[in-house]
Amino acid sequence: MKFTELSIQNFLAIGEASISLEDRGLVLIQGANEDDTSANSNGSGKSSLADALCWVLYGVTARGVTGDGVVNNVTGKECKVSVMIEDGSATYRITRHRK
């Protein structure tokens, strides 16, 4: 079983992102906070990527955030995370959302 793609919309610090996870190996994640330049990379959404994967699969982030707490503060609505999974010849999409 392998994760192939992660799609994020209005989740925590991330407005929108689509990340290919297929055959990536070891990956470095760097960020730039374009909303608040005094924070450098703090608050840019690096941890939110892992949290999105946890949330779509289990309904809770690695930091314990659940329910409406995962909705992006700027938009305040339409939070959605999807992950594509391949297991042999079968492909599955798991999606979780909050209005």
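What percentage of the 99 residues of the protein count as buried? In this predicted model, the figure is 25%. The protein has four strands and one helix, and from the N terminus on these elements follow the order β-β-α-β-β. The points below treat the overall fold, one pocket, and selected residues in the strands, the helix and a loop.

**Overall fold and surface**

- The accessible surface of the protein amounts to about 6,600 Å², and carbon and sulfur atoms account for 46% of that area.
- When contacts between residues at least 6 apart in sequence are considered, 53% of them join residues at least 24 apart.

**The second largest pocket**

- The volume of the second largest pocket is about 280 Å³.
- Its lining consists of L6, I19, S20, L21, R24, G25, V27, I29, K46, L49, A50 and L53.
- Two elements, β2 (14-20) and α1 (46-58), each contribute at least two residues to the lining of the second largest pocket.
- Helix α1 gives the most to this lining, with four residues.
- Sorted by class, the lining of the second largest pocket comprises eight nonpolar, two polar and two charged residues.

**Strand β1: N10 and F11**

- N10 is part of strand β1, which spans residues 2-11.
- The phi angle of N10 is near 50 degrees, a positive value in a residue other than glycine.
- With a relative accessible area of 10%, N10 falls under the 20% limit and is therefore buried.
- F11 also lies in strand β1, and F11 is buried because its relative accessible area is 0%.
- Leaving out residues up to four places away in sequence, F11 touches S48, D51, A52, W55, T61, V70, N72, C79 and V81.
- F11 and E78 are 67 residues apart along the chain, while their C-alpha atoms are separated by 8.8 Å.

**Strand β3: S82 and M84**

- S82 is found in strand β3, which covers residues 79-87.
- S82 counts as buried because its relative accessibility is 6%.
- A polar contact of 2.8 Å links the side chain of S82 with the side chain of T95.
- Residues up to four places away in sequence aside, S82 is in contact with E5, L6, S7, V56, R93, I94 and T95.
- M84 belongs to strand β3 as well, and M84 is buried, with a relative accessible area of 17%.
- The contacts of M84, again without residues up to four places away in sequence, are K2, F3, T4, E5, T91, Y92 and R93.
- One of these partners, K2, is 82 residues from M84 along the chain, yet the C-alpha atoms of M84 and K2 are separated by 8.6 Å.
- E5 and R93 appear in the contact list of S82 and in that of M84.

**Helix α1: S48 and Y58**

- S48 lies in helix α1, and its relative accessible area of 5% means that S48 is buried.
- Neighbours within four places in sequence excluded, S48 is in contact with F11, L12, A13, I14 and R63.
- The contact between S48 and F11 also appears among the contacts of F11, a residue of strand β1.
- Y58 lies in helix α1 too, but Y58 is exposed, with a relative accessible area of 63%.
- Y58 and R96 are 38 residues apart in sequence, and the C-alpha to C-alpha separation of Y58 and R96 is 9.5 Å.

**The loop between β2 and α1: D23**

- D23 is located in the loop that joins β2 and α1.
- D23 has a positive phi of about 50 degrees although it is not a glycine.
- The relative accessibility of D23 is 66%, above the 50% limit, and D23 therefore counts as exposed.
- A positive phi thus occurs in N10, which is buried, and in D23, which is exposed.

Definitions and conventions: Residues numbered from 1 in each chain as written. Predicted model: local features only at pLDDT ≥ 70, side-chain atom pairs only at ≥ 80, totals over all residues. Heavy atoms only, no water. Buried < 20%, exposed > 50% of the residue type's maximum accessible area, 1.4 Å probe, protein only. Contact = heavy atoms within 4.5 Å. Areas by Shrake-Rupley, 256 points an atom, 1.4 Å probe, with all protein chains shown as cover. Polar contact = N/O pair within 3.5 Å; in protein donor to acceptor, adjacent residues only side chain to side chain. 1 Å grid on protein atoms, 1.4 Å probe; cavity = no way out; pocket = protein on both sides within 12 Å on 5 of 7 lines; lining within 4 Å. Points joined across faces, edges and corners; volume = space filled by probe spheres on them. Nonpolar A, V, L, I, M, F, W, Y, C, P; charged D, E, K, R; others polar.
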